Amino acid sequence: MPHSASSLANLDLATLAERLGRRCREHGVSVTAAESCTGGGVASAITSVAGSSDYFDTGYVTYSNAAKARLLGVPEATIAQHGAVSREVVEAMVAGACRDSGAKLGVAISGVAGPDGGTPEKPVGTVWLAWGSEARQRAERFHFPGDRRAVRERAVREAIVGLIRYLEAD
């Protein structure tokens, strides 16, 4: 029986990663992660689970805009028009990661972890996440309080929780 949103929030990251692995196996789904501000934290959490090679093959750390364009095929015009921390960019990141890796499901993250780099429109703690496939994505904007470490940790948790919810929705 699926956990409610509030009960997922109460689980530690290791338990969430294990649950994601079970759901990937049950659904026969491979997963990928395209990360910017989290610097590989999602891939690290997923691969901390023994046997994760059954459903995780490739992760991307695309910290620069050039890497987002080169590795994930994010159009430079999209980055220029909307900024790296935007719905449009994370949706393109997840689509590109799924296309390149062959994964059926992916997550993408781009944000302002701080302590610098924030703007009035995108203050420190602003993080966009997208979940989905090459063909279809769903994005959500978050604002996480705290220092750089706290923002990155919350983004990794939300990424994993979102993948679980995606798999438990069908």
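The expected span of a helix is 1.5 Å times one less than its number of residues. Keep that rule at hand for the first stop in this predicted model.

**Helix 6**

Select residues 87–101. This is helix 6, which has 15 residues and reaches 21 Å from its first C-alpha to its last, close to the 21 Å expected at 1.5 Å a residue. Colour the helix by accessibility next: V89, V90, E91, A92, M93, V94, A95, G96, A97 and C98 are buried. Then step just past the end of helix 6 to G102, where phi is positive, at about 80°.

**T62**

Return to M93 in helix 6 and look for its contact with T62. T62 sits in the loop that runs between strand 2 (56–61) and helix 4 (65–72). Is T62 buried or exposed? Its relative accessibility is 0%, so T62 counts as buried. Show its surroundings: apart from residues up to four places away in sequence, T62 touches E35, S36, A67, K68, L71, L72 and M93.

**Helix 4**

Now select residues 65–72, which form helix 4. Two of the residues that touch T62, A67 and K68, are among the buried residues of helix 4. A69 and L72 are buried in this helix as well. What covers the buried residues of helix 4? Display strand 1 (31–35), strand 2, helix 5 (76–82), helix 6 and strand 3, which are included in that cover. After helix 4 comes G73, with a positive phi near 75°.

**The largest pocket**

Turn on a pocket display and pick the largest pocket, which holds about 260 Å³ of space. Its lining consists of 17 residues, and V85, G111, V112, A113 and G117 lie nearest the centre. Helix 4 reappears here: both helix 4 and strand 3 (105–111) supply at least two residues each to the lining. Colouring the lining of the largest pocket by residue class gives 6 nonpolar, 7 polar and 4 charged.

**The loop between strand 3 and strand 4**

Next, select P115, which lies in the loop between strand 3 and strand 4 (126–132). Check the peptide bond that joins G114 and P115: the bond is cis, with omega of about 5°.

Move along to P123, which is also placed in the loop between strand 3 and strand 4. P123 counts as partly exposed because its relative accessibility is 32%. Which residues is P123 in contact with, leaving aside its neighbours within four places in sequence? They are V112, G118 and H143. V112 was met above, in the lining of the largest pocket. For a distance check, draw a line between the C-alpha atoms of P123 and A113: these residues are 10 residues apart along the chain, and the separation is 9.2 Å.

**D12**

Go back towards the start of the chain and select D12, in the loop between helix 1 (5–9) and helix 2 (13–27). With 45% relative accessibility, D12 counts as partly exposed. Draw a second line, from D12 to T62: their C-alpha atoms are separated by 26 Å, and their positions lie 50 residues apart along the chain as a sequence offset.

**The annotated range**

Finally, select residues 15–166. UniProt lists this range for "domain: CinA C-terminal", in an unreviewed entry. Over residues 15–166 the chain is 45% helix and 21% strand. Mark both ends of the range: the end C-alpha atoms are 17 Å apart.

Conventions
Residues are numbered from 1 along each chain as its sequence is written. This is a predicted model: local features need pLDDT of at least 70, side-chain atom pairs count only at pLDDT 80 or more; totals for chains, interfaces and linings use all residues. Side-chain values use heavy atoms; hydrogens and water are left out. Helices (H or I, at least four residues) and strands (E, at least two) are DSSP runs, numbered from the N terminus. Buried means under 20% relative accessible area, exposed over 50%, partly exposed in between (1.4 Å probe, protein chains only). Contact means heavy atoms within 4.5 Å. UniProt positions are given in the numbering used here, feature names are shortened, and annotations may be inferred rather than shown by experiment. On a 1 Å grid over the protein atoms alone, a cavity is a set of points where a 1.4 Å probe fits but cannot get out, and a pocket is an open set with protein on both sides within 12 Å along at least five of seven lines; lining residues have an atom within 4 Å of a point. Grid points are joined across faces, edges and corners, and a volume is the space filled by probe spheres set on the points. Ala, Val, Leu, Ile, Met, Phe, Trp, Tyr, Cys and Pro count as nonpolar, Asp, Glu, Lys and Arg as charged, and the others, Gly among them, as polar.
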